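Me: I should like to go through this model by question and answer, from single residues to the overall fold. Please close each reply on the value or name requested.

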Amino acid sequence: MLFLVIYLFIIIVLYSFIQLYLIRKWKLIYTTFGYQNYFLIIGKLKKNGIEYKTKVPMNLRNRRQFDENTQYDIYVKKDSEHEALQSLYQT
């Protein structure tokens with residue numbers, strides 16, 4: 001039993017370090033709520049050819065992906081941060 005607990009602890013720590021390492025290459029540039037705003041922002045990034053990724057923080061109350069109250073965190077690579085911000089604020 002103790003071996004299993006130690007094994008799970010090591011797995012969790014390794015997973016945390018891997019996630020920390022991977023997220024260091026990405027920069028949070030925008031947080032939005034609702035799928036309409038999400039698709040508006042993503043459309044601007046795609047139009048300018050900027051690579052992005054999205055994280056949806058855990059929402060235990062509501063499991064639906066596209067909801068007006070869902071929070072979307074949009075990340076871009078640190079090298080593309082300036083271009084991404086310019087593309088978001090162009091009219």
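Me: Is Val-5 buried, partly exposed or exposed?
Reply: This is a predicted model, and Val-5 is placed in helix α1, residues 2-23. Its relative accessible area is 46%. Buried requires under 20% and exposed over 50%, so Val-5 is partly exposed.

Me: What is the approximate area of the nonpolar surface patch that includes Val-5?
Reply: Val-5 shares this patch with residues including Met-1, Phe-3, Tyr-7 and Leu-14. The nonpolar patch has an area of about 1,300 Å².

Me: Which element supplies the largest share of the largest nonpolar core?
Reply: The largest nonpolar core has eleven residues, among them Ile-29, Tyr-38, Ile-74 and Leu-88. Two or more residues come from each of α2 (35-47), β3 (71-77) and α3 (81-88). The largest share, four residues, is given by α2.

Me: Which residues of α2 does Ile-74 touch?
Reply: Ile-74 is a member of the largest nonpolar core. Beyond four places in sequence, its contacts include Lys-27, Ile-29 and Thr-32, as well as Tyr-52 and Thr-54. Helix α2 spans residues 35-47, and the contacts of Ile-74 in that range are Tyr-38, Ile-41, Ile-42 and Leu-45.

Me: Within what arc do the buried residues of α3 fall?
Reply: The buried residues in α3 are Ala-84, Ser-87 and Leu-88. Viewed down the helix axis, they line one face of α3, because they fall within an arc of 100°.

Me: Against which elements do the buried residues of α3 pack?
Reply: Two of the buried residues of α3, Ala-84 and Leu-88, belong to the largest nonpolar core. The packing partners of the buried residues of α3 are β1 (26-33), α2 and β3.

Me: Is Thr-32 buried or exposed?
Reply: Thr-32 is located in strand β1. Leaving aside neighbours within four places, its contacts are Asn-37, Tyr-38, Thr-70, Gln-71, Tyr-72 and Ile-74. With a relative accessibility of 5%, Thr-32 is buried.

Me: How far apart are the closest N and O atoms of Glu-51 and Lys-77?
Reply: The structure holds one salt bridge. Glu-51 lies in the loop between α2 and β2 (52-55) and Lys-77 in strand β3, so the pair ties together parts 26 residues apart in sequence. Glu-51 is partly exposed at 46% relative accessibility, and Lys-77 is partly exposed at 35%. The closest N and O atoms of this pair are separated by 3.7 Å.

Me: What is the C-alpha to C-alpha distance between Gln-36 and Glu-68?
Reply: Gln-36 is placed in helix α2 and is exposed, with a relative accessible area of 52%. In sequence, Gln-36 and Glu-68 are 32 residues apart. From C-alpha to C-alpha, their distance in space is 7.9 Å.

Me: In what order do the elements run from the N terminus?
Reply: The protein has three helices and three strands. Of the contacts with a separation of 6 or more, 72% are between residues 24 or more positions apart. From the N terminus on, the order of elements is α-β-α-β-β-α.

Me: What percentage of the residues in the protein is buried?
Reply: The protein exposes about 7,400 Å², of which carbon and sulfur atoms supply 60%. Of its 91 residues, the buried share is 21%.

Key
Residues are numbered from 1 along each chain as its sequence is written. This is a predicted model: local features need pLDDT of at least 70, side-chain atom pairs count only at pLDDT 80 or more; totals for chains, interfaces and linings use all residues. Side-chain values use heavy atoms; hydrogens and water are left out. Patches are made of residues with over 30% relative accessible area and no salt bridge: like charges are joined within 9 Å, nonpolar side chains (Val, Leu, Ile, Met, Phe, Trp, Tyr) within 5 Å. Accessible areas come from the Shrake-Rupley method with a 1.4 Å probe; for residues, only the protein chains shown count as cover. A salt bridge is a side-chain nitrogen of Lys or Arg within 4 Å of a carboxyl oxygen of Asp or Glu. Buried means under 20% relative accessible area, exposed over 50%, partly exposed in between (1.4 Å probe, protein chains only). A nonpolar core is a set of buried Ala, Val, Leu, Ile, Met, Phe, Trp, Tyr and Cys residues joined through side-chain atoms within 4.5 Å. Contact means heavy atoms within 4.5 Å. The arc is that of the directions from the helix axis to the C-beta atoms.
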